[in-house]
Amino acid sequence: MTATAGGAADEAPRRGPRAQVAHALSLLDRPLTSYYLVIGCTLLLLALGLTMVLSASSVTQLKSTGSAFTLLQKQATWVALGLPLMAVTAMLPPRFFRVAAYPILLLSVLALALVLVPGLGHSANGATRWLSFGSGFQLQPSEPAKLGLALWGADLLARKDKLRMLNDWRQLLIPLMPGAGILVLLVMLGNDLGTTLVVFTIFLALLWVIGAPARLFVGMTGLVVLLTSILIVVEPYRMQRLTGFLDSTGDPLGINYQSNQGLYVLGSGGWFGTGLGEGRAKWEYLPHGDTDFIFAVLGEELGLVGTLTVLSLFGLLAYAGLRVARRVRDTFMRLAATGITAWVVVQAIVNIGAVINVLPITGIPLPLVSYGGSALIPTLIGLGVLLSFAKREPGARQALAARGPGPGARALSWLGLGRSR
């Protein structure tokens, strides 16, 4: 009896680690896993972003404005506006997004056209991406256009799928391809190749999820590659970037200066970095350290540990978005979740790939981390759409109900403003 009890006691520690691993993996099967992963990754990336925007911009802003906190204050304002918008979006039903997709896309197209009007559009670094409204306020219409395309394309294909019209390949492409083509044309007229690639990615993601035939999908992918190659060849500065990328040792003080400096800055961080605020890149050694190359500054000050943390957060965000797409039953939600996830994650891959010099520089920001409200607000709204869908996974509603009132509802009840039962 004693021996048996002792054997069981000896066996328990051997099963301990396995049981802990099994318990950890079981957490991924819970109904609200996607919901909490999206919230957690978003908040952590925002916190990292605010920290790195302050660090990367402090010297230049102190020199130009007299305050090291100028860009931090602006970015914090955008975050303070975007988080409530994300929370409100998360409470809206999918039917709202299906209706809102059309005005979002239409207004984005009109705004992209206005960007091309002399006097309204603002150009920088060879691209015309912004609408200027005076007082230093600028809007980049291509950012909400990504959200509009993901929602509009998802609604369009979901309606056709319900009517069993997708057996014909032409129904897969029309009017989806012309709609995406108009966006691509307007964005490219503004010389913004990076955003063009993201728009193409959303288009291809929608075709992939709806089950486009392999030949059609491969053909569309080949067409995208061909168009991208033509766009690179016909524009001299893009061709220079490509040749500089292929020959990183050439022109180190010219076309390759930013990419080389990004690698030096990133590599100088070592395992744990130089420490927050201790990096040297901010002393005007690295162009656009608070936007396109903020990942390099993060690597310098937080080291390999910091960069792997960011990669892990985007990986978890990708997992959560695809988990939502796999688990929801509605075709529209499945398509829109994949389109939004592809938009955010592929944009992060393109940005990080340019910093580590495995992709040419395209000039697009790192989602949730880089400075800029025009990119941040639509991204947070898109993640709010993902949260809305995550709450409609099997068992999620019951889990939310069992959780009880959230902090906001409890605060209202403490103030005597809660709903009476």
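## Salt bridges, a cavity and local backbone features

R323 and E393 form a salt bridge in which the closest N and O atoms are 3.0 Å apart. Because R323 belongs to helix α12 (residues 294–327) and E393 to the loop between α14 and α15 (396–403), the pair ties together parts that are 70 residues apart in sequence. R323 counts as buried at 3% relative accessibility. E393 is buried as well, with a relative accessible area of 3%. The model described here is a predicted one.

**Overall architecture**

The protein chain contains 16 helices and 3 strands. It has 421 residues, of which 47% count as buried. Among the contacts in the protein chain with a separation of 6 or more, 72% are between residues 24 or more positions apart.

**Salt bridges**

The salt bridges number 7. Three of them are listed below with the N to O distance.

| Pair | Closest N to O distance |
|---|---|
| R323 and E393 | 3.0 Å |
| K146 and E143 | 3.1 Å |
| D155 and R159 | 2.8 Å |

How far apart in helix α5 are K146 and E143? They are 3 residues apart in helix α5 (residues 142–162), so about one helical turn separates them. Both K146 and E143 are buried.

D155 and R159 also lie in helix α5, with a spacing of 4 residues, about one turn of the helix. Is D155 buried or exposed? D155 has a relative accessible area of 0%, which is under the 20% limit, and therefore counts as buried. R159 has a relative accessible area of 46%; because this falls between the 20% and 50% limits, R159 is partly exposed. The pair thus joins a buried residue, D155, to a partly exposed one, R159.

The R323 and E393 pair, by contrast, has a buried arginine, R323 at 3% relative accessibility, and a buried glutamate, E393, with a relative accessible area of 3%. Elsewhere, salt bridges that share partners join R98, D155 and R159 into one network.

**The second largest cavity and the loop between α13 and α14**

Searching the whole structure gives 3 cavities of 30 Å³ or more. The second largest cavity holds about 60 Å³ of space. Its lining consists of Q347, P365, L366, P367, L368, S370, Y371, G372, A375, L376 and T379. Helix α14 supplies the largest share of this lining, 3 residues. By residue class, the lining divides into 7 nonpolar and 4 polar residues, with no charged ones.

Two of the lining residues, L368 and S370, can be described further. S370 sits in the loop between α13 (331–355) and α14 (373–390). Its relative accessibility is 4%, so S370 counts as buried. Which backbone atom does the side chain of S370 reach? The side chain of S370 comes to 2.8 Å from the backbone nitrogen of L366, and L366 is also among the residues that line the second largest cavity. Leaving aside residues up to four places away in sequence, S370 touches V53, Q75, D290, T291, I294 and P365. Of these contacts, P365 is another lining residue of the cavity.

L368 is likewise in the loop between α13 and α14. Its phi is near 70 degrees, a positive value in a residue other than glycine. L368 counts as buried at 4% relative accessibility.

**Other backbone features**

R164 also has a positive phi in a residue other than glycine, near 55 degrees. R164 is found in the loop between α5 and α6. Is R164 buried or exposed? With a relative accessible area of 72%, which is over the 50% limit, R164 is exposed. The two residues with positive phi described here therefore lie in opposite classes, L368 being buried and R164 exposed.

The peptide bond from I174 to P175 is cis, and its omega is near 5 degrees. P175 lies in the loop between α6 (169–173) and α7 (176–189).

**W208**

W208 is part of helix α8 (residues 193–210). Its relative accessible area is 57%, so W208 is exposed. Not counting residues up to four places away in sequence, W208 touches F217 and T338. W208 and L335 are 127 residues apart in sequence, and the C-alpha to C-alpha distance between them is 9.3 Å.

Methods: Residues are numbered from 1 along each chain as its sequence is written. This is a predicted model: local features need pLDDT of at least 70, side-chain atom pairs count only at pLDDT 80 or more; totals for chains, interfaces and linings use all residues. Side-chain values use heavy atoms; hydrogens and water are left out. Helices (H or I, at least four residues) and strands (E, at least two) are DSSP runs, numbered from the N terminus. Buried means under 20% relative accessible area, exposed over 50%, partly exposed in between (1.4 Å probe, protein chains only). A polar contact is a pair of N or O atoms within 3.5 Å; within protein, one must be able to donate a hydrogen and the other to accept it, and residues adjacent in sequence count only if both atoms are side-chain atoms. Contact means heavy atoms within 4.5 Å. A salt bridge is a side-chain nitrogen of Lys or Arg within 4 Å of a carboxyl oxygen of Asp or Glu. On a 1 Å grid over the protein atoms alone, a cavity is a set of points where a 1.4 Å probe fits but cannot get out, and a pocket is an open set with protein on both sides within 12 Å along at least five of seven lines; lining residues have an atom within 4 Å of a point. Grid points are joined across faces, edges and corners, and a volume is the space filled by probe spheres set on the points. Ala, Val, Leu, Ile, Met, Phe, Trp, Tyr, Cys and Pro count as nonpolar, Asp, Glu, Lys and Arg as charged, and the others, Gly among them, as polar.
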